[in-house]
Amino acid sequence: MDIKHLSWFIETVKEKSINKAAEKLFITPSALSARLVKIEDEVGCQLLTRSHHGIALTPEGQYFFEDACKICELQANWAYLNQRQRAMKENISIAAFPSVYNTVIPKLVTNLTSENSPYDIFSYQYDVLQIETAFYRNEIAIGITGINQNSFSSVDAFAKNLNLRLCILGSDQFGVYVSEKHPLSNRTSVKMEELSEFLNVTSFDAAFKKMGLHRFNAGCAINIRGQQNQLAYISAHPTLCFGIYPSLLQKGIVSRAEHLCYIPIEGNPLPITYVLLYAPSAISSGASQLIITELKNIFYDYLYVTNNT
């Protein structure tokens, strides 16, 4: 027995007619009559008398009717309060570039959006240009991207131009992801110049195109030829190819992909820094500080604890 069926019982008593109640409830009289019989079976006593004059309550039915009304009233009040609470929640829009979106953001949403949380988080997978555009259009409150050292000054200038705050979340490096059957899989590290030997080309871009992979990047959700996830493709072609991605992907996505290994590139030739930008005018100070703290903890766990265990 649930709240909906209790409301059917209440409506029948008020209308004093199964036919009239069924019409108001947009159900058939036979369905309503069968449900009322089932309610009486569950309670264990007769609640209604039926005659050509209509429906009437038995003494037991009167007690049940009063209790049912109280229960439905409490449920309606709870639904109203819940709706009001949701309306009072702070909506926070976060855009992140693919490797962060697929690893860090799900953890952030889980941690900060419990039933009683004052926040509703809406997340989007954007590339760097899309994040910048979204800030220009005031569509997001927070953007998370990855940059190299040469790009920091331009990102800092962009932030100052739009009155955005900037926060460093952590540093990472790119590594090689291969199938466990790939010749590189037993290595603990690999040099950048060694990678070309496995494809017999000098240009990595040319290698990716030669293998039909186009440009491998951090976009785990980007499909190859509209068919396969890049990491799934690597896993399915043991000796054919490799991908160069941030080590961040070891947490979550790579652990769910079959037969994949991560190998650091020696000397960290492709350093990457994860940067958070946020608009103070689009998010409360309490929310921004909470999210920054939570993100720093997640990045620390994913980058440093994971990579050193």
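Helices (H or I, at least four residues) and strands (E, at least two) are DSSP runs, numbered from the N terminus. This is a predicted model, in which local features need pLDDT of at least 70, side-chain atom pairs count only at pLDDT 80 or more, and totals for chains, interfaces and linings use all residues. Residues are numbered from 1 along each chain as its sequence is written, and side-chain values use heavy atoms, with hydrogens and water left out.

**The whole chain**

Display the protein chain first; it has 13 helices and 11 strands. Of its 309 residues, 42% are buried, where buried means under 20% relative accessible area, exposed over 50%, and partly exposed in between (1.4 Å probe, protein chains only). The accessible surface comes to about 16,900 Å², and 50% of that belongs to carbon and sulfur atoms; such areas come from the Shrake-Rupley method with a 1.4 Å probe, and for residues only the protein chains shown count as cover. Among contacts (heavy atoms within 4.5 Å) in the protein chain with a separation of 6 or more, 70% join residues 24 or more positions apart.

**Stop 1: Ile3**

Select Ile3, which lies in helix α1. Ile3 is partly exposed, with a relative accessible area of 30%. Leaving aside neighbours within four places in sequence, Ile3 is in contact with Ile71, Cys72 and Gln75. Ile3 and Ile71 are 68 residues apart in sequence, yet their C-alpha atoms are 7.9 Å apart.

**Stop 2: α1 against α2**

Two packed helices are described by the angle between their axes and the distance between the axes. Axes here are lines fitted to C-alpha atoms, for helices over the stretch in contact, and angles run from 0 to 180 degrees between N-to-C directions. Select residues 3–15 (α1) and 18–25 (α2): the two helices pack at an angle of about 130°, with axes 8 Å apart. That makes α1 oblique to α2, since angles under 35 degrees count as roughly parallel, over 145 as roughly antiparallel, 65 to 115 as roughly perpendicular and the rest as oblique. To see the contact, show Trp8, Glu11, Thr12 and Glu15 of α1 with Ile18, Lys20, Ala21, Lys24 and Leu25 of α2. These residues divide into four nonpolar, one polar and four charged; Ala, Val, Leu, Ile, Met, Phe, Trp, Tyr, Cys and Pro count as nonpolar, Asp, Glu, Lys and Arg as charged, and the others, Gly among them, as polar.

**Stop 3: Lys16**

Proceed to Lys16, in the loop between α1 and α2. Its phi is near 60°, a positive value in a residue other than glycine. Most residues other than glycine have a negative phi. Lys16 is exposed, with a relative accessible area of 54%.

**Stop 4: α2 against α3**

Add residues 29–43, helix α3, which packs with α2 at an angle of about 110°, the axes being 9 Å apart. α2 is therefore roughly perpendicular to α3. Ile18, Asn19, Ala21, Ala22 and Leu25 of α2 meet Pro29, Leu32, Ser33 and Leu36 of α3. By class, this contact has seven nonpolar, two polar and no charged residues.

**Stop 5: Phe97**

Select Phe97, in the loop between β3 (90–96) and α5 (98–101). At 9% relative accessibility, Phe97 counts as buried. Not counting residues up to four places away in sequence, Phe97 touches Tyr126, Ile131, Ile144, Thr145, Gly146, Ile272 and Tyr274. The C-alpha atoms of Phe97 and Gly143 are separated by 8.4 Å, with their positions 46 residues apart along the chain.

**Stop 6: Asn138**

Finish at Asn138, in the loop between α7 (128–136) and β5 (142–147). Asn138 has a positive phi of about 60° although it is not a glycine, and at 69% relative accessibility it counts as exposed.
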